[in-house]
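Welcome! Here are some short exercises to work through with the model open beside you. Try each task yourself before reading its solution.

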Amino acid sequence: MLRACFGLNYHGRMEELPGAFGSSASLALRLGQTVFSTASLLFMCLDVDFYGYTAFCYLVTVMGLVIPWSITLLVVDAYSVFIKCLPLQRRLVMIVFLGDMILSYLSLAAACSTASVTDLLLDADRSYCPAKLCGRYQLSAAMAFLSWFLSSASCLFNFWLFPSL
């Protein structure tokens, strides 16, 4: 139990895997992911016409899934960093890894589809998407890309942690 609480390896040294679940770097990744996904959702939902395009609805749905996932893991990481006792189990790390992987794929797809539809609307005609509105959609897609980047980084760090458990 002592090894599980303090993250000690079999030689009695601390295992430092930056960005892995339960570390301060993971806390920073989750905080950034939460901020960017919330910003993406807010920029998209500031307009009431987003529901007219499936790609925009998809982005809102995916960001609606990413936000609670990120907040939950943000709380767990904060607990782990400040209390310093989170036993890392294979199942827990596998769940976090799979959740991050699935949500990062969904986030990438939503960000790409939103960016492409916005670009298409801008190229088609200004009557479909005024500059201010399309700028908001582009900003939402950019925030979704940033959220995806942090989510995929967390997924890779947890994949790196998994064999050492």
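**Exercise 1: An aromatic cluster**

Y53, F56 and Y137 form one aromatic cluster in this predicted model.

*Task.* Classify the ring pair formed by Y53 and F56, and say how buried or exposed each of the two residues is.

*Solution.*
- Step 1. Begin with the whole structure, where a search turns up three aromatic pairs.
- Step 2. For Y53 and F56, the ring centres are 5.4 Å apart and the planes meet at 65°, so this pair is edge-to-face. The cut-off behind that step is an angle over 60 degrees.
- Step 3. Now turn to accessibility. F56 has a relative accessible area of 0% and is therefore buried, while Y53, at 26%, counts as partly exposed. Buried here means under 20%.

**Exercise 2: The nonpolar core**

*Task.* Find which residues touch the most other members of the largest nonpolar core, and which helix gives the largest share of this core.

*Solution.*
- Step 1. The core has 18 residues, and those touching the most other members are M44, F50, F56, L59, C129 and Y137.
- Step 2. At least two core residues come from each of helix 3, helix 4 and helix 5. Helix 3 gives the largest share, with seven residues.
- Step 3. Follow M44 outward: beyond its neighbours within four places in sequence, M44 contacts F50, F56, L59, V60, T114, Y137 and S140.

**Exercise 3: Helix 2 and its cover**

*Task.* Check the length of helix 2 against its expected span, then work out what covers its buried residues.

*Solution.*
- Step 1. Helix 2 runs over residues 24-45, which is 22 residues. The expected span takes 1.5 Å times one less than the number of residues.
- Step 2. That gives 32 Å, and the end C-alpha atoms of helix 2 lie 31 Å apart, so the two values agree.
- Step 3. List the buried residues of helix 2: S26, L27, L29, R30, G32, Q33, T34, S37, A39, S40 and M44. Their cover includes helix 3, helix 4 and helix 5.
- Step 4. For a detailed example of a contact, pick S70 in helix 3 (residues 54-83). S70 is buried because its relative accessibility is 0%. Leaving out residues up to four places away in sequence, S70 touches R30, Q33 and T34.

**Exercise 4: The chain and its record**

*Task.* Describe the chain as a whole, then compare the record's transmembrane regions with the helix content of the model.

*Solution.*
- Step 1. The protein chain has five helices and zero strands, in the order α-α-α-α-α along the sequence.
- Step 2. Of its 165 residues, 41% are buried. The accessible surface is about 9100 Å², with 72% belonging to carbon and sulfur atoms.
- Step 3. Next, look at contacts between residues at least 6 apart in sequence: 79% of them join residues at least 24 apart. For a pair far apart in sequence, take R90 and L161, which are 71 residues apart in sequence and 9.5 Å apart in space, C-alpha to C-alpha. R90 belongs to helix 4 and is partly exposed, at 43% relative accessible area.
- Step 4. Finally, the unreviewed UniProt entry lists residues 50-80, 92-117 and 137-162 under "transmembrane region". In the model, residues 50-80 are 87% helix and 0% strand, with end C-alpha atoms 38 Å apart. Residues 92-117 are 100% helix and 0% strand, and their end C-alpha atoms are 37 Å apart.

Methods. Residues numbered from 1 in each chain as written. Predicted model: local features only at pLDDT ≥ 70, side-chain atom pairs only at ≥ 80, totals over all residues. Heavy atoms only, no water. Helix = DSSP H or I, 4+ residues; strand = E, 2+ residues; numbered from the N terminus. Buried < 20%, exposed > 50% of the residue type's maximum accessible area, 1.4 Å probe, protein only. Contact = heavy atoms within 4.5 Å. Phe/Tyr/Trp six-rings, centres within 6.5 Å; stacked < 30°, edge-to-face > 60°. Core = buried A, V, L, I, M, F, W, Y, C linked by side-chain atoms within 4.5 Å. UniProt positions renumbered as here; feature names shortened; annotations may be inferred. Areas by Shrake-Rupley, 256 points an atom, 1.4 Å probe, with all protein chains shown as cover.
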